[in-house]
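Biologist: Please take a close look at one part of this protein, the nonpolar core, and explain it for a first-year student. Start with the chain as a whole if that helps.

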Amino acid sequence: PLDAPSATPADIIWGSIRLAGWHLAEGRYPEGSTLPLTLYWRAMRDAPGPIRTRLILEAPDGSSWQRPGFHKISSRYPPERWRSKELVLERWDALLPAGLPGGEYIVILEARDDAGHLLGQQRLGRVEIASRHHMFTLPKPQHAVDARFGEHIRLLGYDVAPAKRPGEPLRVVLYWQATAEIDTSYKVFIHVLNPREHIMGQSDHIPQHGQAPTTSWLPGEVIADEYNIWLSGSADTIEALAVGFYDPRTGQRLPVVMNGMPRPDGRALLRYSPR
């Protein structure tokens with residue numbers, strides 16, 4: 001028996017593994033976000049062969065969307081360790097495709113063997129997708145920059161606007177560009193530094209205040225990412241801005257290459273020169 005009354009029971013055989021059921025939290029999700037999915041697998045023999053899965057979202061007009069690549073099932077407890085008839089519960093935060101038009105979609109689970117041969121597909125339910133605007137026009141920032149973060153993120157430039165009155169925050173706009181789809185939702189950090197590289201103010205956010213996670217970026221897209229940073233001292237003492245990305249699950253920063261040179265600390269240093 002399945003451990004949740006809300007689960008949908010099934011008896012679907014894919015290779016030497018049986019899909020015994022699933023639970024899909026139907027609702028409204030932003031494009032490029034994660035869809036929490038619970039899958040119940042049963043081994044049909046000891047150490048069954050691995051299978052790979054992916055989600056396909058099918059629109060009412062028959063068009064379909066999916067992210068590139070596949071997901072190896074139950075990576076923490078792989079099928080090679082399963083025993084015959086064992087029931088295995090897998091919780092998968094599946095990434096939804098970026099660039100999905102808003103609307104309702106059928107969620108389809110597709111399974112393939114390790115050689116890539118199709119084992120089958122199963123409809124799991126429906127979800128509603130909320131889309132956002134994507135911009136591909138190159139910006140004209142105050143300060144142009146040549147910086148790369150990891151493999152798929154570029155910083156094209158930035159704007160800086162000092163506070164107009166005492167007590168107001170420093171306004172910074174960063175202009176990112178994606179060169180490919182990104183499978184991790186990174187956070188941006190900005191450190192405002194004085195001449196001794198002490199931090200006078202900082203901000204850590206999912207881009208566009210959580211509205212444009214990196215998992216929703218499309219190749220070639222430009223993201224204008226605004227921050228208001230409160231300072232512990234006068235803006236007259238600002239020396240530079242330090243900018244980078246990190247994985248909030250591990251704290252690991254993305255490597256940075258600036259003007260063709262690697263940065264050892266995962267930070268791009270941007271000169272402070274407001275207009």
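Modeller: The answer below goes from the whole chain to the core, and then to single residues. This is a predicted model, in which local features need pLDDT of at least 70 and side-chain atom pairs count only at pLDDT 80 or more, while totals for chains, interfaces and linings use all residues. Residues are numbered from 1 along each chain as its sequence is written, and side-chain values use heavy atoms, with hydrogens and water left out.

The protein chain has 20 strands and 0 helices (DSSP runs numbered from the N terminus: E, at least two residues, for strands; H or I, at least four, for helices). Its C-alpha trace spans about 70 × 40 × 35 Å along the principal axes. Of its 275 residues, 46% count as buried (under 20% relative accessible area, with over 50% exposed and the range in between partly exposed, for a 1.4 Å probe and protein chains only). Among contacts (heavy atoms within 4.5 Å) with a separation of 6 or more, 66% join residues 24 or more positions apart.

Now the core itself. A nonpolar core is a set of buried Ala, Val, Leu, Ile, Met, Phe, Trp, Tyr and Cys residues joined through side-chain atoms within 4.5 Å. The largest one holds 33 residues, and Phe 149, Leu 174, Trp 176, Trp 217, Phe 245 and Leu 270 touch the most other members. Two or more residues each come from strands S11 (143-149), S12 (153-161), S13 (170-178), S14 (187-193), S16 (222-229), S17 (240-246), S18 (256-258) and S20 (268-271). S13 gives the largest share, 5 residues. Apart from this core lies another, of 30 residues, including Ile 12, Trp 14, Ala 43 and Trp 92.

Aromatic rings come next. Rings of Phe, Tyr and Trp (its six-membered ring) pair if their centres lie within 6.5 Å; planes under 30 degrees apart are stacked, over 60 edge-to-face, and the rest tilted. By this rule there are 6 aromatic pairs. One of them joins Phe 149 and Trp 176 edge-to-face, with 5.4 Å from centre to centre and 85 degrees between the planes. Phe 149 is in strand S11 and Trp 176 in strand S13, so the pair ties together parts 27 residues apart in sequence. Both Phe 149 and Trp 176 are buried. Ring pairs also link these two with Trp 217 and Phe 245 into a cluster. Beyond its neighbours within four places in sequence, Trp 217 is in contact with residues including Trp 176, Phe 245, Ile 153, Ile 223, Arg 132 and Glu 181.

Two further residues show how the strands meet. Ala 147 belongs to strand S11 and is buried, at a relative accessible area of 1%. Leaving out residues up to four places away in sequence, Ala 147 touches Ile 153, Arg 154, Leu 155, Val 257, Met 258 and Ala 268. His 134, by contrast, is 13 residues from Ala 147 in sequence but 22 Å away in space, C-alpha to C-alpha.

Leu 241 sits in strand S17 and counts as buried, with 0% relative accessibility. With residues up to four places away again left out, Leu 241 touches Val 160, Leu 170, Val 172, His 191, Val 192, Ala 268, Leu 269 and Leu 270. Ala 268 is thus touched by Leu 241 and by Ala 147. Between Leu 241 and Asp 11 there are 57 Å, C-alpha to C-alpha, and the two are 230 residues apart in sequence.
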